[in-house]
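Take a look at the chain below. We will start at one residue and work outward to the whole fold.

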Amino acid sequence: MKLRTIEIDLTPEPLPDAAVGLIKEASDRVDVFMEAHKDSPVAGFVPSDFTLAYAALLHVRRTMLASGDAFCEWGSGIGAVTCLAGMLGYDAIGIEFDPDLVDVAEGLADDFDISAQFVCGSFVPTGGEHFTDVPQEAAWLMSGGLDAYEQLGLDADDFDVIYAYPWPGEEQVIFDLFKRYAAVGALLVTYHGIDDIRVQRKVSSHK
Ligand SMILES: C[S@@+](CC[C@H](N)C(=O)[O-])C[C@H]1O[C@@H](n2cnc3c(N)ncnc32)[C@H](O)[C@@H]1O
């Protein structure tokens with residue numbers, strides 16, 4: 001299996017008011033969360049550019065790139081991207097290791113009346129823990145913990161779109177996990193900082 005890059009052209013356009021409101025509130029809650037956790041920060045929690053993530057997910061939806069609506073955010077943090085996916089009509093699920101972040105994400109979805117589900121656990125499927133063994137000083141990717149898929153009654157290959165913001169140096173872990181566990185045809189949307197957002201599709205090696 002391999003990943004094929006899909007070029008996307010994100011022409012800036014005004015966002016709907018609902019998305020603007022959610023992004024503003026989510027950004028404020030990130031600040032509150034960071035301040036409250038300044039003495040014990042959640043390792044590796046850095047938010048995406050929510051506006052860019054919205055634009056990419058909107059593009060995927062408009063151009064019908066995905067084979068279905070099942071969306072999962074691997075490491076959903078404050079939950080903003082999963083909420084935006086829910087707003088766009090995806091069946092949105094966020095998997096997050098840190099319980100405090102899950103609480104904030106659930107509050108965000110409730111307050112904006114968005115249908116999105118958050119699970120506290122690991123998006124690394126059981127048996128895939130060795131993928132996370134990368135020598136690095138400040139690794140964000142947690143291993144161990146509760147199996148999120150067991151709680152959901154779903155597998156990684158049940159999702160049509162997976163979104164992640166890998167920490168620099170750990171991109172390949174996300175790519176390798178996706179290659180191994182996602183469904184053939186599924187899309188991986190990844191944010192890599194500043195204005196770098198990528199869409200890749202899992203295809204069989206001979207394609
Ligand atoms: C770089 S942050 C990105 C947060 C969010 N996706 C966003 O873009 O705003 C990575 C998140 O992944 C979470 N995380 C790390 N390892 C995880 C794992 N094995 N399972 C679930 N979440 C994990 C961290 O707690 C952190 O919130």
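Ser204 sits in the segment that follows strand S7. Is Ser204 buried or exposed? Its relative accessible area is 13%. Buried means under 20%, so Ser204 counts as buried. Leaving aside residues up to four places away in sequence, Ser204 touches Met1, Lys2 and Val184. Keep in mind that this is a predicted model.

Now step back to the whole chain. It has 6 helices and 7 strands. Along the sequence they follow the order β-α-α-β-α-β-α-β-α-β-α-β-β. The C-alpha atoms fill a box of roughly 45 × 40 × 35 Å along the principal axes. How does the radius of gyration fit a compact globule? For 207 residues, such a globule would have a value near 17 Å; the chain has 16 Å, so the two agree.

Contacts tell how the chain folds back on itself. Take those between residues at least 6 apart in sequence: 70% of them join residues at least 24 apart. Burial is part of the picture too. Of the 207 residues, 48% are buried.

What lies inside? In soluble globular proteins, nonpolar side chains tend to be buried together. Here, the largest nonpolar core holds 44 residues. Phe50, Leu57, Phe71 and Ile197 touch the most other members. The elements giving two or more residues to this core are helices H1 (17–36), H2 (50–62), H3 (80–87) and H4 (99–111), along with strands S5 (161–164), S6 (187–191) and S7 (197–203). H2 gives the most, with 8 residues.

Look at Phe71 in detail. Not counting residues up to four places away in sequence, its contacts include Leu57, Val81, Ala85, Ile93, Phe159 and Val161. Polar residues are there as well: Thr82 and Asp91 are among the residues that Phe71 touches.

Apart from the largest core lies another one, of 27 residues. Its members include Ala148, Phe175, Tyr181 and Ala186.

Next, find helix H6, residues 171–181. Which of its residues are buried? They are Val173, Ile174, Phe175, Leu177, Phe178 and Tyr181. Strands help to cover them: S1 (2–6), S2 (70–74), S5, S6 and S7 are included in that cover.

Finish at the surface. The accessible surface comes to about 9900 Å², and 51% of it belongs to carbon and sulfur atoms. The chain carries 13 positive and 35 negative charges. The mean positions of these two sets are 11 Å apart.

How values were computed: Residues numbered from 1 in each chain as written. Predicted model: local features only at pLDDT ≥ 70, side-chain atom pairs only at ≥ 80, totals over all residues. Heavy atoms only, no water. Helix = DSSP H or I, 4+ residues; strand = E, 2+ residues; numbered from the N terminus. Rg over C-alpha atoms; globule rule 2.2 N^0.38 Å. Buried < 20%, exposed > 50% of the residue type's maximum accessible area, 1.4 Å probe, protein only. Contact = heavy atoms within 4.5 Å. Areas by Shrake-Rupley, 256 points an atom, 1.4 Å probe, with all protein chains shown as cover. Lys, Arg positive; Asp, Glu negative; His and termini not counted. Charge placed at Lys NZ, Arg CZ, Asp CG, Glu CD. Core = buried A, V, L, I, M, F, W, Y, C linked by side-chain atoms within 4.5 Å.
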